[in-house]
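Open the model in your viewer, colour it by chain, and keep the sequence panel in sight, since each stop on this tour begins with something to select.

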Amino acid sequence: MTKHRLTRRTFLKATAAGATVAGFPLPLRAQPKTFKIGVIHPVTGALAEPGQACRLGAQMAADAINAAGGIKSKGGIKLELIVGDTQTKPENGRVEAERVVNRGTRMLMGSFDSGSTNAMASLAQQRRVPLLIDIAAADPITANVAKSVKEGQQKVQYVYRNFPTGSSFGRKAVQYFNEIFKEANASPKRVVLMYCNDLFGQNQARGFQAAHKAANPSWEIVEAIPWPEPPSDLSTEISKAKAAKPDVIAPITRPASALLLFPEIRKQRIEMMGIVGPGSPGLYEAGQLAALKEDLEYVLTSVPWANFKNPQTNAVAEEYRKRSGGKTFDTNSGYSYDGMFVIADILERAGSLEDPDAIVDAMKTTNFSAGLMQYGGPVVFNELGDNPNAIPTMIQILSQKPVAVWPKEAALQKFVFPRPKA
Amino acid sequence: MRWAGVAALAVLLTLPAVLNSYAVTIFILIFFYGFLGQAWNIVGGYAGQLSAGHAAFVGVGGYTAAMLSIEAGLMPWVGMFVGAALAALLGAIIGYLGFRFGLRGFYFVLLTVAFAEICRIAVSNIDALGGPLGLYITFTGDPRQFQFRDGRVYYYIALALMLSATATAWAIERRRFGIYLAAIREDEAAAEALGVNALKYKMLAMVVSSFLTGLGGTFYAFYLFSLQPNTLFGIPLSVEIIIRPIVGGAGTLLGPILGSFILTPLAELSRLYLGQGGLHGAHLIAYGVLLIGVVLFLPEGAYPRLRRVLQRSRLAPVSGPSHPKGCPQERSRVAPVSGHLRSEPGSRPPLQKTLLVARGLSKRFGGLQAVAGLDLAVEHGEMLGLIGPNGAGKTTVFNLLSGFLTPDAGEVSFRDRALVGLPPHAICRLGLARTFQLVRPFPRMSVLENVRVGALARHPQALEARARARDVVERVGLGARAHVTAGTLTLAERKRLELGRALATEPTLLLLDEVMAGLNPTEIEPIIRLIRGIHASGVSILLIEHNMRAVMALSQRIVVLSFGEKIAEGTPADIANHPKVVEAYLGDEYVRAAPA
Amino acid sequence: MDLTLVLQGLLSGLLFGGVYSLMAVGLTLIFGVMRVVNFAHGDMMVWGMYLSYLLATRAGIDPYLSFVVCAAALFALGLLVQHGLVDRVIDAPHEMQILLMLGVALVLENLALVAFGPEPTRVRSPLGAATLWLGPVFVDIARLVTFVVAVLLTAALSLFLYRTDLGRTIRAAADNTYGALVVGIDVRRVYAVAFGVGAACVGAAGALVSSILPFQPPTGLSLSVTSFNIVIIGGMGSLLGALIGGLLVSVAESLGAVFLKPSLKELVSFSLLIVILLFRPAGLFGKRTS
């Protein structure tokens, strides 16, 4: 009997604890002078590095917008960022979105990792809070929502993305490969695709292979070699690539695997024209360059890149370098920075800041061309909610510096391909 | 006091009406992890088999339901049971391998981790399952598709999941199943000796646990709308599943829930208050420190501590036994069955043949021939003494007879059944019970609970077994100590308990291994009387004993073992005067003392 | 199948096995003596790696020298963890020990995140890209050195355990805690030393492989899992088992990468683990416990 009684006591205690929990997220809606935006990224956990870059990029953009007078058409209302951390766990994409929405945010931005982003997207639809995906490449996130709106299961699409999708990354990479080979007057035949078998790597590799199949170019993907990410050793994988007698090795790496892959390629003395990758985020970071040095020289990779022909970009990049402790203004910081400006543009044009559907109407008609990233045109959203003009740029490490080399209009320098013989 | 539980439930049911959606979300997580923790608790807590790969069951359940929904249009409400069934199948496979091959403790931990990792790697490489990119579920808000526009629906589903897992755990806990699991956790060999089929019950626990966990997979998938192998099969999720019940108190009914009510909000709070500044990671440091603190200051978990604190405050004014005077069930059930035990000592077959016959029994350990070609017979109703110098192989004989060891050669028949190859629990159920030389009580159970484990062999109803156990406890003279934790008993009491536990299985033949060793003469006398009484009630007894006076006094016949061989057999008088025995074992001193 | 590739895979795997062996030695030592499973193993190793990284980038000290400093630092950490924490739960149920070490792991990982940031890094090997070509196959010099160091370290530890008084005391305490108490050994002190020595091995290993393995704060988990695999396969508590187990797992994964899709290579080591668990749970070189 005692036990039973105690059982209930515990229950009561537990409930009391729960009530305290219920109490803590006090809604702070009493300040009308700001427009709150929930900005959620993985700032701890496995993806902490890009997540922190995103958060800083978004914060800098908001600071810049506020310094310039806020949202002018709405009485100069300032942007206030309510930040959240997914810890690289999808469930926190939802929890954090729920939290910031309860703190009065009327728009969401995030969240780098596709799992968390999809959880946020479902919440955005459910709670009718417009979401701008600053980074996350998995195609289904927007496509699924668009489909359910089209099929009438939902009325309005609240989820839009200003970032290349996996398939558009692939299409662009294949296109750049073709153009560069042609421009260089080289005709590699055998390409070995090597990729990290994680969400990012597989998404990129799939897009690349599908685009290759569709384009049917003169070169062939003779072998595709995925490795578990993060790897502890890649020497056998490289030996396998070597055995396939490649003209070009096309790697898709994460920073951790890049640290293994590139030295190993050099070590194994593979005779080929060069390394041209469909995507290696972070390769251009000072830390990677310092750790890899000559192993990176002449490596070409296709990544979303800032438009450094724009003087404003250089100024922001310089400020970013200072505030981040020496980091490059890159894909992550750059797209989060632009994302915030796209949001500001939407808010300027929105009929009302109170009505989510009014914000969505403004989103749909976005035509924004003041972004700092390299785009293929203004930021617009297609029927899926994606920006078809969000494209990657081919960069190359030349004299230990990352330089945009393709497409031509973005190039700051001419690429070197095939690479000179050592 | 039932109202307290009802009140708690009422509060939980009405909370969503007053909470904002973020608080609702936190409760959803509390319930969901409470649910997963409770599911884990069945095998990890009650049965004490530490699985650190429970994420695999979440993954299998979630992927199955999601694939069935995406590819075949099957409603997740149905798919979740298909997924849970597959998770249970995986649990059965892992459990069978682990338990059959006797993997305990850390080895079982690693086996489960390895299986979960294999699942993760496999799914990461299967394109049809989306590979590492995973599966994406479209939000439609269609309730048939397990989707809701109102977050509070998820709240009630998660609450229902947690309550159903808790109800399952409760039902298990108070039945033979749960009592057996606790016995297995405390001491598997001792449980086997009391007729517990440890493999079967551990398997059952694993299957129930993995089934429930598999249900959780569907909730996870359809609440978060995407599935990736790294999150659904990964080690971090497995860790999330186990820390809450451990913090709350593994193997207790409310531990997993309490653990979730403590840790889930704390994780949120620390992220909220420490995760915003520039020090990324500070909140996880705080969380880690908290876990360390729990281990250092609440080493059995939060719930047992809480229970003790409440108990103290409740019972302080009442000077009396530290345990309740008895549940109503007990009082009502004791009367009709008491007295039953003595009148019917086991289900005795008609006296025709020898009760137990062992022929040519041999066992070798490396270079040591422990038992060599031993022939042994115990007649119905007999009290046979088995003596011999240290290392003569007496306990090995017991282990061979009771199934703990398999003989290299020879056969054993008991009531005309061949015993060789049967597991200990089956032999116990045939009516052959044993005690252990080094007593093996279930230390964290009370005396009564210990004996009840034995009684359950004949009386599968927990209440009836409890009543039987009460009789036995009285009979072995521990009535006043019935509610004391076995770990705190004196040696003499433990010996009685050991005897009582074996007796509670209502054996035809009782194997007593040195029940008097280590006791002083005043303690030995009552034990001798007790053994006589048991024998008089019709139980045949085979006893190993070093106390010569006792053996001589008790035994009708004695077998002498030396270096694994039988060197003499006969009445106590014969043995006392047998020259070989005198020479090999008893020595001059005894011969001189014997006539006295 | 390309024979050169198989040969190269075998050779690379074997040499890389030195890295795995180094990872496992400290773990097996701690388990062998105290029966405590150090779930913070990988995170302690990551700290060894970061220390050698600091010494290499700030003071220009080569990891092949700085490993001594890292070992000393981790020895101190080990003593601290043992004395302040593990010692108090040595008799607690398994699950509580696991929870404790998970807590320690979480703290160490995130302290590293606060101290060093999230980027993956790697110490530039003083041996650079040095290779020795034997016809079509090559030997990676940095790995060869690590391999030799692993063998030497295992030998040195064996000498310590079998030829010194302290080592014998540690082994006595490991074999029979009660017996050791009876003959007057201060078991708690012995445990502290053993944990310290184990942690020092982890620190040294971290430094020595910091130029081969990339690392970042969350790397600890995968290091722990791999080390557990090796130690179980080789035999809990066996130094020789850690050495041979490391080589075996590495060769198995390398050949797995040759013959399968490389992203499946870890399947090979986990399958090996399961087979060993089922048919030889004490490991290849472990003592069978009854």
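Select chain C, where 60% of the 290 residues count as buried. Keep in mind as you look that this is a predicted model, and that a residue counts as buried when its relative accessible area is under 20%. The accessible surface of chain C comes to about 10,600 Å², and carbon and sulfur atoms make up 68% of that area.

Now switch chain C to a cartoon view, in which 11 helices and two strands should be found. Followed along the sequence, these elements come in the order α-α-α-α-β-β-α-α-α-α-α-α-α. The radius of gyration of chain C is 19 Å, close to the 19 Å that the globule rule gives for 290 residues, so chain C is as compact as a globular protein of that length. If you turn chain C along its principal axes, its C-alpha atoms fill a box of roughly 60 × 50 × 35 Å. Among the contacts in chain C with a separation of 6 or more, 78% are made by residues that lie 24 or more positions apart.

Next, select residues 63–84 and residues 187–209 of chain C, which are helix α3 and helix α8. At what angle do α3 and α8 of chain C pack? The angle is about 145°, and the axes of these two helices are 6 Å apart. The crossing of α3(C) and α8(C) is right-handed. Show the side chains where α3(C) meets α8(C), and the contact, sorted by class, has 19 nonpolar, four polar and one charged residues.

Stay in chain C and select R280(C), which is found in the segment after α11 (265–279). R280(C) has a relative accessible area of 33%, and is therefore partly exposed. Add G235(C) to the selection: R280(C) and G235(C) are 45 residues apart along the chain, while their C-alpha atoms are separated by 9.1 Å.

Move on to chain A, which has 13 helices and 12 strands. Of the 422 residues of chain A, 67% count as buried, and the chain exposes about 14,000 Å², with carbon and sulfur atoms supplying 54% of that area. The C-alpha trace of chain A spans about 75 × 65 × 45 Å along its principal axes. Its radius of gyration is 23 Å, which agrees with the value near 22 Å that a compact globule of 422 residues would have. As for contacts in chain A with a separation of 6 or more, 71% of them are between residues 24 or more positions apart.

The next four stops in chain A concern the backbone, and it helps to know beforehand that most residues other than glycine have a negative phi, and most peptide bonds are trans.

- Select E229(A) and P230(A), which are joined by a cis peptide bond with omega of about -5°. P230(A) lies in the loop between β7 (220–227) and α8 (235–243) of chain A.
- Select W406(A) and P407(A), where the peptide bond is cis, with omega near 0°. P407(A) is found in the segment after β12 (401–406) of chain A.
- Select T88(A), whose phi is positive, near 60°. T88(A) lies in the loop between β2 (78–85) and α3 (90–102) of chain A, and with a relative accessible area of 17% it counts as buried.
- Select N216(A), whose phi is also positive, near 45°. N216(A) sits in the loop between α7 (199–215) and β7 of chain A. Is N216(A) buried or exposed? At 62% relative accessibility, N216(A) counts as exposed.

Now select Q52(A), which is found in helix α2 (residues 48–67) of chain A and is buried, with a relative accessible area of 15%. Which residues is Q52(A) in contact with, leaving aside its neighbours within four places in sequence? They are P42(A), V43(A), H280(B), L113(C) and P118(C), so show chains A, B and C together to see them.

Finish in chain B by selecting V472(B), which is found in helix α20 (residues 462–475). V472(B) counts as buried, because its relative accessibility is 1%. Add E506(B) as the last selection: V472(B) and E506(B) are 34 residues apart along the chain, and their C-alpha atoms are separated by 10.0 Å.

How values were computed
Residues are numbered from 1 along each chain as its sequence is written. Chains are lettered from A and ligands numbered from 1 in the order in which they are written. This is a predicted model: local features need pLDDT of at least 70, side-chain atom pairs count only at pLDDT 80 or more; totals for chains, interfaces and linings use all residues. Side-chain values use heavy atoms; hydrogens and water are left out. Axes are lines fitted to C-alpha atoms, for helices over the stretch in contact, and angles run from 0 to 180 degrees between N-to-C directions. Helices (H or I, at least four residues) and strands (E, at least two) are DSSP runs, numbered from the N terminus. A crossing is left-handed if the near helix is turned anticlockwise from the far one by less than a right angle, and right-handed if clockwise. Ala, Val, Leu, Ile, Met, Phe, Trp, Tyr, Cys and Pro count as nonpolar, Asp, Glu, Lys and Arg as charged, and the others, Gly among them, as polar. The radius of gyration is taken over C-alpha atoms; the globule rule is 2.2 Å times the number of residues to the power 0.38. Buried means under 20% relative accessible area, exposed over 50%, partly exposed in between (1.4 Å probe, protein chains only). Contact means heavy atoms within 4.5 Å. Accessible areas come from the Shrake-Rupley method with a 1.4 Å probe; for residues, only the protein chains shown count as cover.
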